[in-house]
Amino acid sequence: MLKIENLRKRYPNFSLSCSLEVERGRVTGLIGKNGAGKSTTFKAILGLIFPDGGKISLFGKDVREFTLADRQKIGAVLSDSGFSGYLTPGDVADILEKLYERFDKAFFAGQLKKSGLPRDKKIKDFSTGMKAKLKVLAAISYNAEFLILDEPTAGLDAIARDELYTLLREFMEEDEERGILISSHFSADLETLCDDLYMIDAGEIVLHEDADVILSDYAILKTDPEQFAALDRQYVLSVKKERYGYRCLTDQKRFYVENFPGVAIENGTIDEVMRMIAKGEEA
Amino acid sequence: MKGLLIKDFKMMKNQKNIFLTGAGIAVAVALLSGDSAFLISYVTIVGAMSALGTISYDEFDNGFAFLFSLPVTRKTYALEKYLFGIIFGGALCLAATAVAVAAEYLRTGGFSLPALIVGLTELPVLVFILSITIPFKLKFGPEKSRLALFASAGLIFIVGFVILRALDNGQIDVTSALTELLRTRPGLAVGAAIAATAAMLLLSIGISIGIVNKKEF
């Protein structure tokens, strides 16, 4: 569905070099700390910035050749940008109706009501959470095929995040041909929503793995110096020195569970894996 | 285009209190002073400035990024700003002219031809303001565009002054020549003014599209 091949963008203090893919019927997560290159990647897909090199194709077509009809198939949520604060959700509905042939006004109105968003209040007077909800509601209201969501849950509490993820799951269940690319700070939430995950650090993709595999096969090994010296490190991906010894990331939990019963082993979480890959040293 | 126009009209609607206050003051001044030219010029300029203000609202809080993620081309966005400015400013100009004519009728019982002429001459002024300001707004943003506009206005004034001075030294009296043209061939003079305004508008639109096409958000 989406294919990014060797996308390059250079800024004075940052350079992005990224390849990734989103398949139809899948939710793909892009995880990385602030400034890692998530938003730059998203903006390149949406044609908001001009890449220095590489190719981005969506629905099998180069995004530089997109027509308005192609753009109607994309639903976008940007972390730091949205509808003008001087508009109301009611205004947004009228605008979307003119911009999108397949805009479902009744669905949008229903979701506003369900989410407790006032139709006639200016967006600038909304709380951060209300603004975030409105952005997502707008993006899923015109039968888009592909959602690109940059930090859609920023500013939301746990309950609101759950509600939003439920909306996204329903969106995917309605049509198996749809796809989502989503980034978030709340990696733990992405574990349950995403089918696969990309981790980006300093402008480069450092890991791509199915979310299930991360949860089942990745683990953190906590070793003292003696255990570390004796450890078979062929499946250790990165190592970080700690006060007690060494913290090691592996993608072969079972191997260490079976062969090194004395070593403390913690299940991998996306946050932990990301931290180890970003801050650990290669084994 | 339609979606963008609706967006801008909605933004204006949501600030109707500011307009109503401004309109009330303008009408009161016009009725009390009988100065219809002031009313029409003031309202037209307010209309132009308000229309230009929508660019600032679009840009506020990095709004351009989201706007251009919608099914809107950069070219359409630039064109829409001119169209909205002309529709909104033009409507206010015509409304002010109607109020001025009505006010004159209430005061004297007669029809005010001068008010109508002022109203019609304000329309090219509106296009002129939009043509000059929109490229600056798009290029420099709300804050820096003001500085850039002042600097450019100063530069145009100096260049104009130098040219007029040079023509003066060459014994060519531009003011007299223009007055003479207007007196002897008013059709040609008005036609030339309209053509010059249209040319300026087209040039400005071309520049604006170029600016938006090059922008990254």
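Which helices do the buried residues of α1(B) pack against? In this predicted model, they sit against α3 of chain A, together with α3 (36-59) and α5 (74-108) of chain B. The partners therefore come from both chains, as the helices listed for α1(B) show.

The helix itself covers residues 2-13 of chain B and holds 12 residues. At 1.5 Å a residue, a helix of this length should span 16 Å, and the end C-alpha atoms of α1(B) do turn out to be 16 Å apart, so expectation and model agree. Its buried residues are L4(B), K7(B), D8(B), M11(B) and M12(B). Looking down the axis of α1(B), these residues fall within an arc of 135°, which means they line one face of the helix.

Zooming out, chain B is built from eight helices and zero strands, so its pattern along the sequence simply reads α-α-α-α-α-α-α-α. The C-alpha trace of chain B spans about 55 × 50 × 30 Å along its principal axes. Of the 217 residues in chain B, 31% are buried. Counting the contacts in chain B with a separation of 6 or more, 78% are between residues 24 or more positions apart.

Now for the meeting of the two chains. The contact draws on 25 residues from chain A and 22 residues from chain B. On the chain A side, α2 (68-71) and α3 (89-99) each put in at least two residues. The largest share of that side comes from α3(A), with five residues; α3 of chain A is also among the helices that the buried residues of α1(B) pack against. By character, the chain A side that touches chain B divides into 13 nonpolar, five polar and seven charged residues.

Chain A has a division of its own, into domain 1 (2-209) and domain 2 (218-282). Taken over C-alpha atoms, the centres of these two domains of chain A are 34 Å apart. Where they touch, 11 residues of domain 1 of chain A are in contact with six residues of domain 2 of chain A. On the domain 1 side, α7 (187-193), β9 (196-201) and β10 (204-210) of chain A each supply at least two residues. The most comes from α7(A), which gives four residues to the side of domain 1 that touches domain 2. That side of domain 1 of chain A divides into seven nonpolar, one polar and three charged residues.

Note on methods. Residues are numbered from 1 along each chain as its sequence is written. Chains are lettered from A and ligands numbered from 1 in the order in which they are written. This is a predicted model: local features need pLDDT of at least 70, side-chain atom pairs count only at pLDDT 80 or more; totals for chains, interfaces and linings use all residues. Two residues are in contact if their C-beta atoms, placed from the backbone, lie within 7 Å. Ala, Val, Leu, Ile, Met, Phe, Trp, Tyr, Cys and Pro count as nonpolar, Asp, Glu, Lys and Arg as charged, and the others, Gly among them, as polar. A residue is buried if 20 or more other C-beta atoms lie within 10 Å of its own, exposed if 12 or fewer, and partly exposed in between; C-beta atoms are placed from the backbone. The expected span of a helix is 1.5 Å times one less than its number of residues. The arc is that of the directions from the helix axis to the C-beta atoms. Domain bounds come from an automatic or database domain assignment.
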